[in-house]
Amino acid sequence: MINKIEHVGIAVQNIEASLKVFETLLGTNCYKQEIVESENVKTAFLQIGDSKIELLEATDPNSPIAKFLEAGKKGFHHIAFDVDDIDAELIRLKKEGFNLIHQEAKPGADNKRIAFLHPKSTEGILIELCQEKRS
Ligand code: ZN
């Protein structure tokens, strides 16, 4: 089951400069910065109420974020939905005909298991599914 919007991902050139903007805008400090090796990104999270914003900076020219910025895009990058059971959701969405970027969930930032759906099958919006890791 898809529960809620977990976070909105924003692609930025420089996470430190962008954090200043968002921390001032939202009146709150970043609660976590983390490098996700598998995606070649540095992430920073801010929380307002139940909602989160994830800032993403490329750590490598091959990063999806570097390619996104190179293509002349900026800002809104993806929307992430919180799910109860990411494995079951991936099976369900594949059956429904969605194009999965990740066939299986993998480790993501902020203690999550994640997988992305291709924008080709989602009206042009990059969608991330995430499930809190159970410890
Ligand atoms: Zn994300």
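## A walk from Gln131 to the zinc site

Let us start with one residue: Gln131 has a relative accessibility of 4%, so it counts as buried. The cut-off behind that word is a relative accessible area under 20%. Keep in mind as you look around that this is a predicted model.

Where in the chain does Gln131 lie? Its home is strand β8, which covers residues 127-132. A buried side chain can still have polar partners, and Gln131 shows this nicely. A polar atom of its side chain lies 3.1 Å from the backbone oxygen of Asp84. The backbone nitrogen of Ile86 is 2.8 Å from a polar atom of the Gln131 side chain. If we leave aside residues up to four places away in sequence, Gln131 touches Val83, Asp84, Asp85, Ile86, Asn111, Lys112 and Arg113.

Two of those neighbours, Lys112 and Arg113, bring us to the next strand, β7, which spans residues 112-117. β7 and β8 pair in the antiparallel sense, with six bridges between them. To see one pairing up close, find Ile114: its bridge partner in β8 is Cys130. Is β7 itself enclosed or open? Five of its six residues are buried, so β7 is largely enclosed by the rest of the structure.

β7 has a partner in β6 as well. Strand β6, residues 106-108, runs antiparallel to β7 and is joined to it by three bridges. Here you can find Pro107 standing opposite Arg113. Together β6 and β7 form a hairpin with three residues between them. In that turn, Asp110 has a positive phi of about 60 degrees.

Now step back and take in the whole chain. How many helices and strands are there? The chain has three helices and eight strands. Reading from the N terminus, the order is β-α-β-β-β-α-β-α-β-β-β. A compact globule of 135 residues would have a radius of gyration near 14 Å, and the chain has 15 Å, so the two agree. The C-alpha trace spans about 40 × 35 × 25 Å along its principal axes. Of the 135 residues, 44% are buried. Contacts also reach across the sequence: among those with a separation of 6 or more, 53% are between residues 24 or more positions apart.

Let us move on to another strand, β4. Six of its eight residues are buried, so β4 is largely enclosed by the rest of the structure. One of its partners is β3, residues 41-48, which runs antiparallel to β4 and is joined to it by eight bridges. Within this pair, Lys42 has Glu57 as its bridge partner in β4. β3 and β4 form a hairpin with two residues between them, and Gly49 in the turn has a positive phi of about 60 degrees.

β4 also pairs with β1, this time in the parallel sense, over five bridges. Ile10 stands opposite Leu55 in β4. Just as a general picture to keep in mind, side chains in a regular strand alternate between the two faces of the sheet.

After β1 comes a loop that leads to α1 (15-26), and Asn14 sits in it. Is Asn14 buried or partly exposed? With a relative accessible area of 39%, Asn14 is partly exposed. Its side chain reaches the backbone nitrogen of Glu16 at 2.9 Å. Asn14 and Ala58 are 44 residues apart along the chain, yet their C-alpha atoms are separated by 8.7 Å.

Our last stop is the zinc ion. Which residues of the protein hold its donors? They are His7 (NE2), Glu54 (OE), His78 (NE2) and Glu128 (OE), at 2.0 to 2.1 Å from the ion. Along the chain these donors follow the spacing H-x46-E-x23-H-x49-E. One pair links distant parts of the chain: His7 belongs to β1 (residues 2-11) and Glu54 to β4 (residues 51-58), 47 residues apart. Both are tucked inside: His7 counts as buried because its relative accessibility is 3%, and Glu54 is buried with a relative accessible area of 5%.

What is the geometry of the site? The angles among the four donor atoms run from 86 to 176 degrees, and the site is irregular. For four donors to count as tetrahedral, all angles would have to lie between 85 and 135 degrees. For comparison, the ideal angle for four tetrahedral donors is 109.5 degrees.

How values were computed. Residues numbered from 1 in each chain as written. Predicted model: local features only at pLDDT ≥ 70, side-chain atom pairs only at ≥ 80, totals over all residues. Heavy atoms only, no water. Donors = N, O, S within 2.8 Å, 3.2 Å for Na, K, Ca; no water. Tetrahedral: all angles 85-135°; square planar, octahedral: opposite > 155°, others 65-115°. Helix = DSSP H or I, 4+ residues; strand = E, 2+ residues; numbered from the N terminus. Buried < 20%, exposed > 50% of the residue type's maximum accessible area, 1.4 Å probe, protein only. Polar contact = N/O pair within 3.5 Å; in protein donor to acceptor, adjacent residues only side chain to side chain. Pairing = 2+ DSSP bridges. Contact = heavy atoms within 4.5 Å. Rg over C-alpha atoms; globule rule 2.2 N^0.38 Å.
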